[in-house]
Structures are given as C-alpha cells and as structure tokens.
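Good morning, and thank you for joining this session. Please look at the sequence and the structure as they appear, and I will then speak about the pockets.

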Amino acid sequence: MPRYIAFLRGINLGKRRLPMSRLKALVEELGFAQVETFIASGNVVFSSQVSDMNQLESRIATHLEASLGYDVDTFVRTTEEIARIGRAKIFPEDGLDGITIHVGFFQHKLVSDITQKLAAVRTDLDEFRVAGREYYWLCRSRMSSESKVWTLPEIKALRLPTSTMRNMSSIRKLIAKHID
C-alpha cells in the first residue's frame, strides 16, 4: 500500500495544541493504515489505497476541521517525493555551517510568472528556488527569524497561496526514520 506524508500547517502553534496521539487517532479514523506522527509539528506518515493527492488533502483537512474546530491546511506528498526532496541539493551551501534551508509545500504548482518572481527575490541572507509544488528558502543564518524577507513588499505582492514550511534537517530526519 502506498505511503504518504501529510504536512499540516499551524499544528501546535498558538492555541492549536494537541497531543500527537490525538492527531494520530484522528487520521486513523479516516481508515488510513500504519499512521505515525513525526515530531510535534503536524507531520503524519500513513498508508492509503487512495492515490489522488487532492482527495487525500481534502479528506484530512475536512476531518480535522470537523474534529478540532479550526481549519488545518494539509499538504500531502508520497514518500518517494519526500525522499527526492531530502536528496536534493538545491543550494550549493546546503550543509555548510550557519546555513538554514527550508522547504515549503504548496498544494498546487505555482504559475510560472509567480515562480520566476519568487526566485528573483534575494537579500544578503535569503534566496529562493521553486521546483514543482515545493519552494526552497536558503537563509544564511542559523536563526531564520533574523531574516526579514517575508516582510518585503515584493514577497507580499506575490500573494502566494497557503503553504507550510519545514526545515530541511527535519525533512532528512523524517526520511531517516520513516522512509530509508
């Protein structure tokens, strides 16, 4: 049975706190098998016969909203897609000291105009790359909070669709534990 990973936006931030055991149980209620959570930030690994990503995202988001009382944007990838993301060396600085790389997940591929504009945004600390339904953010700082890139007018003007982001080191840990 195919394996998937759901990345949930905003889980365990602010007032959206829930034990991972509860999240696991909610996803199991959908009939998915081999459900596991990975770190307490809304990463759920599961198996399903359903192969339509939009259907998986919709089913999970709808069930979580009904159960929790708030929207939970959901982004699903196959384990093969996540393994590819983890192996990718999008930026030559990947792995160097003081470098942080994040991967962001969209539900759909960006239109090429927005892709080009996002990739053109650069600061002394920041660079972006877009590949398919993911974007990669290079931050030349250990603390991404030092970057002000998300407040730039050119980023705000893009009106990017909802996404969720994970640190690349977390993605690689997830791969080591649940995919390799």
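Which element gives the most to the lining of the second largest pocket? The answer is α6, with three residues. Before going further, I should state that this is a predicted model.

Let me stay with the second largest pocket for a moment. The space in it comes to about 200 Å³. Its lining is made up of 13 residues, and those closest to the centre are Ile99, Thr100, Ile101, Asn167 and Ser169. Two elements, β5 (100–105) and α6 (168–178), each give two or more residues to this lining. By class, the lining of the second largest pocket holds four nonpolar, five polar and four charged residues.

I turn now to the largest pocket. The volume here is about 510 Å³. A total of 24 residues line the largest pocket, and Arg9, Tyr135, Ser163, Thr164 and Met165 are the closest to its centre. The elements that contribute two or more residues to this lining are β7 (134–139) and β8 (164–167).

Which element supplies the largest share of the lining of the largest pocket? That element is β8, from which four residues come.

How many residues of each class are found in the lining of the largest pocket? There are eleven nonpolar, eleven polar and two charged residues.

To close, I would ask you to keep two elements in view: β8, with the largest share of the lining of the largest pocket, and α6, which gives the most to the lining of the second largest pocket. Thank you.

Methods: Residues are numbered from 1 along each chain as its sequence is written. This is a predicted model: local features need pLDDT of at least 70, side-chain atom pairs count only at pLDDT 80 or more; totals for chains, interfaces and linings use all residues. Side-chain values use heavy atoms; hydrogens and water are left out. On a 1 Å grid over the protein atoms alone, a cavity is a set of points where a 1.4 Å probe fits but cannot get out, and a pocket is an open set with protein on both sides within 12 Å along at least five of seven lines; lining residues have an atom within 4 Å of a point. Grid points are joined across faces, edges and corners, and a volume is the space filled by probe spheres set on the points. Ala, Val, Leu, Ile, Met, Phe, Trp, Tyr, Cys and Pro count as nonpolar, Asp, Glu, Lys and Arg as charged, and the others, Gly among them, as polar.
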